[in-house]
Amino acid sequence: MDNHNDWQAPRLVAGEWSTCSSTCGTGVMSRTVECVAVNPISSAPIKLPMSECQDQEQPKLFESCEVRSCPLQEDSKLNEDEAPNQWRYGDWTQCSASCLGGKQKAALKCIQVATGKSVQWSQCDARRRPPEKSRPCNQHPCPPFWLTSKYSECSVSCGSGTARRSVKCAQTVSKTDGADAHIVLRDDRCHFKKPQETETCNVIACPPTWVTAQWTECSRSCDSGERRRQVWCEIRDSRGKTQRRPDVECDANTKPQSVEVCSFGSCARPELLTNRVFEQNVEQKKLTLGIGGVATLYQGTSIKIKCPAKKFDKKKIYWKKNGKRIKNDAHIKVSANGNLRVFHARMEDAGVYECFTDRLQGNVTLNFKYRDFPATRPDLSPKVQLPSNRNKQRPSTEAIREDVIREQANVLHKMNVSLIEALLTAPNDEKAREQLKKYGNELVARWDIGHWSECRQKTCHVAGYQARGLSCKVTFHGETRNVDNSICESLASVRPPETRPCHREDCPRWEASQWSECSSQRCVGSMLAQKRRNVTCRFTNGTTVDIQHCDITNRPATTMDCPNQNCKAEWRTSDWGSCSSECGTGGVQLRLLSCVWISSGRPAGRNCEQMRRPHSARACVADEPLPPCMPTASALYQRDASCQDQSRFCDIIKLFHSCDSMEVRQKCCSTCTFVERKKF
């Protein structure tokens, strides 16, 4: 029973071996292998997928063979001609590159001589297989093309924005895909139309949103007041146009406040000691200050300012800087005991600091200077705490006012410095660049240009190139730093080129002769001629070679337009021809008109269009009355007595066959009737 089951199980069955692939010497035989099973009812074999027999040992599909040994002195030419299958070259393949040199290969085939059909390679004699045949192709340089980057993100999410990309004229000089594969050229080197650098994006309407105006001034200068602003609902359509909409179209839950409470402290202000002046010693790294006066400190100092609040919950004390409430962060914070802490002060920390409980407790003005600057004032107090100045004579009101104005100007200057610092470190932003232009008198921007690299040129007929580094440097307050290149593009001169073409010393170069005299050349336009010169490809020793050995993309121009006072066009006329009729009115006379250059008499094309055009036809004027004309053929066809020629120029219709216009048909009815009937 087991043997019967094994007989029915899938098994591999090998077919007959084919004939040997070679008539002499070593060849190859092949055979097919199938996975089959026996139908238990009909005992007929069933062909199965090869996966059903994958666990069985695979028989050989190929076997070496040798019908007979080949003769040692066999006439190869005779055998090749007598062989039923022979090697032949087919058509050339497509070139592997469109420029900078590629390769073409000739397809090798085994052809059955009797039928001319292609058969498997194994049917041809492997010993006589010819070598692979190839040839170079497309050796010319690559033409310039527009190199584009990907578009940036859209400037807005809706309402018609703009996406940008860079578009540069480039030329491929290397088959590698690295940074050296292309060089950047001037835009005029690319002959095709330049692609757009911007495109419109997100052309969809925006949903209704709330828009707010600026807050008004607080209604009171002390104690609690209120300030207001306008809030309205607005939409922006797909073209970017805004339109005000009813408030019900916007979400009422997200509507911003239009009124809020504002306070600048109690109206009952304490008497502040504004005449205190403190200046830090350079050795001091940390300071504790009190309320009142003006302090000039070094940048980088850590500061604590005490708030003189008594019998008040110090956790509720808050501080303001320049009227704006301070929020705690890693740099500046209000501690649990109500003191203000500034860690490693910066120049932008300058300003007026006020301490509040339920009312204003006092203020202090902080100014900062760089630590490496020499002090401009003597240290008025060795103590860290601000002096009370009780025993000193107070300065006059005018002196205090001048100090305050001076300090305010200093604070404003430092704020400008901080703004410029932020703009210089901002990412590539057009708005930031426009803002920097306002401070152009305080900044000095320049390009820092590196040295040209060695000439990189692989073949003489393709131009090489040199590259150099380029960076932007800005000098601000005596300090020079590297910034984004877009800043120099806004503030400095035109960006210098980073690449330029070059040639190896052992390569031929273009040599151009002197331009011909402009006055002796043919005219191409009004007051304009075209001068010429010869351009050849030569080695440094003077040997002239074919132009394909030089860089064809950098070939100098052989023609150039030049001003020529002799290039003036005029209308020239021929003599009047004979009259079209010797009877009746005499008909008309015609003459030829031609636009020519005055200096050479050659045709000047359309350069006479701006001049008054002479008449080319006129009525004949006879010295004596002409006899009446005999009836013409047109009268034979004329049935309507009102169909008469009303113009002496109707005879010209016979020459030009121009009866298409209704006006002509009306004035030359008889002639047009004759012309039309003559067609049939």
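# Exercises on a predicted structure

With a relative accessibility of 32%, K194 counts as partly exposed, a class that spans the range between under 20% (buried) and over 50% (exposed). The model is a predicted one, and the exercises below go through its salt bridges, its largest pocket, its contacts across the sequence and some backbone angles.

## Exercise 1: salt bridges

Task: Determine which residue forms a salt bridge with K194, and how far apart the closest N and O atoms are.

Solution. Start from the charged partner: K194 pairs with D187, and the closest N and O atoms of this salt bridge are 3.0 Å apart. Next, apply the 4 Å limit between a side-chain nitrogen of Lys or Arg and a carboxyl oxygen of Asp or Glu, which is the cut-off for a salt bridge. Then turn to burial: D187 has a relative accessibility of 38%, so this residue is partly exposed.

Task: Decide whether R186 and D188, which form a salt bridge, are buried or exposed.

Solution. First take the pair itself, in which the closest N and O atoms of D188 and R186 lie 3.4 Å apart. Then take each partner in turn: D188 reaches 54% relative accessibility and therefore counts as exposed, while R186 reaches 55% and is likewise classed as exposed.

Task: State which distance, N to O, belongs to the salt bridge between R346 and E348, and which residues are joined into one network by salt bridges that share partners.

Solution. The accessibilities come first: R346 is partly exposed because its relative accessible area is 38%, and E348 is partly exposed with a value of 38%. The side chains of R346 and E348 meet in a salt bridge of 3.0 Å, N to O. Elsewhere, D187, K194 and E197 are joined into one network by salt bridges with shared partners. As a last step, these pairs can be set against the total, since a search of the whole structure finds 19 salt bridges. The general background is that side chains of opposite charge can pair when their charged atoms come close.

## Exercise 2: the largest pocket

Task: Describe the largest pocket by its volume, by the residues closest to its centre, and by the classes of its lining residues.

Solution. Begin with the volume, which is about 750 Å³ for the largest pocket. Its lining has 23 residues, and those closest to the centre are K168, V184, L185, P497 and E498. Sort the lining by class, and twelve charged residues are found beside seven nonpolar and four polar ones. Finally, ask which strands take part: β12 (167–172), β13 (182–185) and β34 (499–502) each supply at least two residues of the lining.

## Exercise 3: contacts across the sequence

Task: Find how many residues separate I183 from T499 along the chain, and how far apart their C-alpha atoms are.

Solution. Locate I183 first, in strand β13, where a relative accessible area of 3% means that I183 is buried. Then take the pair: I183 and T499 are 316 residues apart along the chain, whereas their C-alpha atoms are separated by 6.6 Å. Strand β13 and strand β34, whose range 499–502 begins at T499, are both among the strands that supply the lining of the largest pocket.

Task: Place P144 between its two flanking strands, and say whether P144 is buried or exposed.

Solution. P144 sits in the loop between β9 (134–137) and β10 (145–148). Its relative accessibility is 17%, under the 20% limit, so P144 is buried. The C-alpha atoms of P144 and C169 are 6.6 Å apart in space, with the two positions 25 residues apart in sequence numbering.

## Exercise 4: positive phi values

Task: Give the approximate phi of L100 and of H344, and decide for each residue whether it is buried or exposed.

Solution. Recall first that most residues other than glycine have a negative phi. L100 has a positive phi, near 65°; this residue belongs to the loop between β6 (85–92) and β7 (102–112), and L100 is buried because its relative accessible area is 17%. H344 also has a positive phi, near 50°; its loop runs between β27 (340–342) and β28 (351–356), and a relative accessible area of 56% makes H344 exposed.

Definitions and conventions. Residues numbered from 1 in each chain as written. Predicted model: local features only at pLDDT ≥ 70, side-chain atom pairs only at ≥ 80, totals over all residues. Heavy atoms only, no water. 1 Å grid on protein atoms, 1.4 Å probe; cavity = no way out; pocket = protein on both sides within 12 Å on 5 of 7 lines; lining within 4 Å. Points joined across faces, edges and corners; volume = space filled by probe spheres on them. Helix = DSSP H or I, 4+ residues; strand = E, 2+ residues; numbered from the N terminus. Nonpolar A, V, L, I, M, F, W, Y, C, P; charged D, E, K, R; others polar. Buried < 20%, exposed > 50% of the residue type's maximum accessible area, 1.4 Å probe, protein only.
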